[in-house]
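Open the model in your viewer and keep the sequence panel beside it. This tour tells you what to select at each stop.

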Amino acid sequence: MALNPPLCPHDGDPYRVAGEHFIIHRKGCEFELKIDGMGKLKGKGKMILTTLRLVLLNCDGGGDLKAFDIPHGNTFKEKFNQPFFGANYWEGKCLPLFNSLPGNVTFKVWFMEGGCSGFNRVYRNTLQNIRNKRSQEQLAAEVSSSAFKQQFALIDPSDPSVIYVQQPAMMPS
């Protein structure tokens, strides 16, 4: 995981890294991060799901948190919650990437606008593929296929998640 990864200056989205494929983005999210040894960070904005990570973008611009990466390979104890009152949310834990932070992170991401069944299906599938050691090329081919896009479009009309048809810029070298 990374606190404030490099963002593209013209749109504020993260750069793609080698072998990464952007799948969907979702506006209207709130998130909370509890970093062992560092404290709590909160944000509001959007999230981007890729074949390698979940990126939380703080569009409110408040505080030191601009963005946060949660690598799929380091995520564990993730759980989707549907409370009687309040918004649906994902919670889980993530190990630090290359000891970039002082400790593990506990995260929560709330869906404040619309449904989330499309996002849930793709997120679960992505995590399962990573854990089953599918290659990034296989996963990228799957999410790029027209069958995936057609299937995603028919899941939940109240889910405002948007699939990527064109890939954003790679990180400059």
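Buried means under 20% relative accessible area, exposed over 50%, and partly exposed in between, using a 1.4 Å probe and protein chains only. Strands (E, at least two residues) are DSSP runs numbered from the N terminus. The model is predicted, so local features need pLDDT of at least 70, side-chain atom pairs count only at pLDDT 80 or more, and totals for chains, interfaces and linings use all residues. Residues are numbered from 1 along each chain as its sequence is written, and side-chain values use heavy atoms, without hydrogens or water.

**Stop 1: strand β2**
Select residues 22–35. Of these 14 residues, 11 are buried, so β2 is largely enclosed by the rest of the structure.

**Stop 2: its partners**
Two strands pair if DSSP finds at least two bridges between them.
- Add β3, residues 39–50: it pairs with β2 in the antiparallel sense over 12 bridges. Look for phenylalanine 22 opposite threonine 50.
- Click the turn of this hairpin: three residues separate β2 and β3, and glycine 37 there has a positive phi of about 80 degrees.
- Add β8, residues 105–111: it runs antiparallel to β2, joined by seven bridges. Leucine 33 has phenylalanine 107 as its bridge partner in β8.
- Add β9, residues 162–163: two bridges pair it with β2, again antiparallel. Here isoleucine 24 is bridged to isoleucine 163.

**Stop 3: positive phi outside glycine**
Select asparagine 4, in the loop between β1 (2–3) and β2. Its phi is positive, about 55 degrees, although it is not a glycine. Asparagine 4 is partly exposed, at 32% relative accessibility.

Finish at lysine 77, in strand β6 (residues 75–81). Lysine 77 also has a positive phi, near 55 degrees. It is exposed, with a relative accessible area of 63%.

Notes. Helix = DSSP H or I, 4+ residues; strand = E, 2+ residues; numbered from the N terminus.
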